[in-house]
Amino acid sequence: GIQQMPRRYDLLRTDDWLALQQEAIDANNAYFNRAPTAADYIQLPAQLRPGAAERAGLLARNTHWSQVGIHDDAPISNHNLSISGATDQVNYFVSAGYFQQDAIIEKWDLTRFNFRANSDFNVTERLRVGENFSLSNQVTLRGAGNYGDGTILNNLLQQPPIYLATDPALVT
């Protein structure tokens with residue numbers, strides 16, 4: 001099978017994000033009737049103000065956080081094999097399985113192997129002996145935390161485009 005992101009979001013570019021930040025600050029100052037000379041007047045941090053952001057190269061960053069660390073197609077494979085049989089004296093069942101899930105989020109992959117065997121033997125008319133044996137090994141890679149893919153996706157969507165991603169190819 002294949003897992004896919006249900007939807008990619010168009011996120012703000014750096015210049016639009018900075019304009020929205022300034023608009024929110026202006027609205028807050030206006031709501032509380034703060035004058036630019038007031039001690040509690042709010043401003044964008046100095047490095048994000050017009051002119052400073054351009055000089056620092058922040059406007060060119062435009063990190064696409066909706067694409068960072070996300071696979072477009074994440075395959076899932078599940079393989080199982082079982083053998084069973086019976087005679088008048090013996091019943092048996094043996095199975096083995098392999099499951100591999102490459103998650104949509106990088107470093108959230110899952111690999112599982114399992115093996116199971118059981119049988120029973122009629123030793124006499126009144127005595128039956130049997131065994132059950134199970135073995136399983138699971139390796140789960142969890143990157144940023146154990147709160148699930150939704151938390152990681154939510155955090156990615158909230159990141160400002162001025163922060164750099166680790167992969168320069170994702171910055172346009």
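## Helix 1 and Ile25

Ile25 has its place in helix 1, which spans residues 14–31. The model described here is predicted. With a relative accessible area of 13%, Ile25 is buried, because the limit for this class is under 20%. Ile25 and Ala60 are separated by 35 residues in sequence, and their C-alpha atoms lie 23 Å apart in space.

## The salt bridge

The count of salt bridges comes to one. The partners are Arg34 and Asp40, whose closest N and O atoms are 3.5 Å apart. This distance satisfies the criterion, because a salt bridge requires a side-chain nitrogen of Lys or Arg within 4 Å of a carboxyl oxygen of Asp or Glu.

The two partners fall into separate accessibility classes. Arg34, at 18% relative accessibility, counts as buried, whereas Asp40, at 47%, counts as partly exposed.

## The sheet

Five strands form an open sheet in the order 1-2-3-4-5, and their pairing is antiparallel. Strand 1 (2–4) and strand 5 are the edge strands, each of them pairing on one side only. On average, and with direction ignored, neighbouring strands of this sheet are turned by 10 degrees against each other. In general, the strands of a sheet pair through backbone hydrogen bonds, in either a parallel or an antiparallel manner.

At one end of the strand order, strand 1 is joined to strand 2 (residues 73–86) by three bridges, and these two strands run antiparallel. They count as paired because at least two bridges are needed between them. Within this region, Gln4 stands opposite Asp73, a residue of strand 2.

## Aromatic pairs

The count of aromatic pairs comes to three. One of them is formed by Tyr98 and Phe113, with 5.0 Å from centre to centre and 45 degrees between the planes. The geometry is classed as tilted because the angle is neither under 30 degrees, as for stacked rings, nor over 60, as for edge-to-face rings. This pair links distant parts of the chain: Tyr98 belongs to strand 3 (residues 90–101) and Phe113 to strand 4 (residues 110–122), 15 residues apart. Both residues are partly exposed, Tyr98 at 27% relative accessibility and Phe113 at 43%.

Another pair consists of Phe115 and Phe133, with 6.1 Å between the centres and 65 degrees between the planes. It is edge-to-face because the angle is over 60 degrees. Here too, distant parts of the chain are linked: Phe115 lies in strand 4 and Phe133 in strand 5 (residues 128–140), 18 residues apart. Phe115 is partly exposed, with a relative accessible area of 33%, and Phe133 counts as partly exposed at 42%.

## The nonpolar surface patch

Ile83, Tyr92, Val94, Phe115, Phe133 and Leu135 make a nonpolar surface patch of about 540 Å². Strand 3 and strand 5 each supply at least two residues of this patch.

Phe115 and Phe133 thus appear both in the patch and as partners in the edge-to-face pair. Their relative accessible areas, 33% for Phe115 and 42% for Phe133, fit the patch criterion, because a residue of a patch must have over 30%. Phe133 is found in strand 5, one of the edge strands of the sheet.

How values were computed:
Residues numbered from 1 in each chain as written. Predicted model: local features only at pLDDT ≥ 70, side-chain atom pairs only at ≥ 80, totals over all residues. Heavy atoms only, no water. Phe/Tyr/Trp six-rings, centres within 6.5 Å; stacked < 30°, edge-to-face > 60°. Helix = DSSP H or I, 4+ residues; strand = E, 2+ residues; numbered from the N terminus. Buried < 20%, exposed > 50% of the residue type's maximum accessible area, 1.4 Å probe, protein only. Patch = residues over 30% accessible without salt bridge, like charges linked within 9 Å, V, L, I, M, F, W, Y side chains within 5 Å. Areas by Shrake-Rupley, 256 points an atom, 1.4 Å probe, with all protein chains shown as cover. Axes fitted to C-alpha atoms, helices over the stretch in contact; angles between N-to-C directions.
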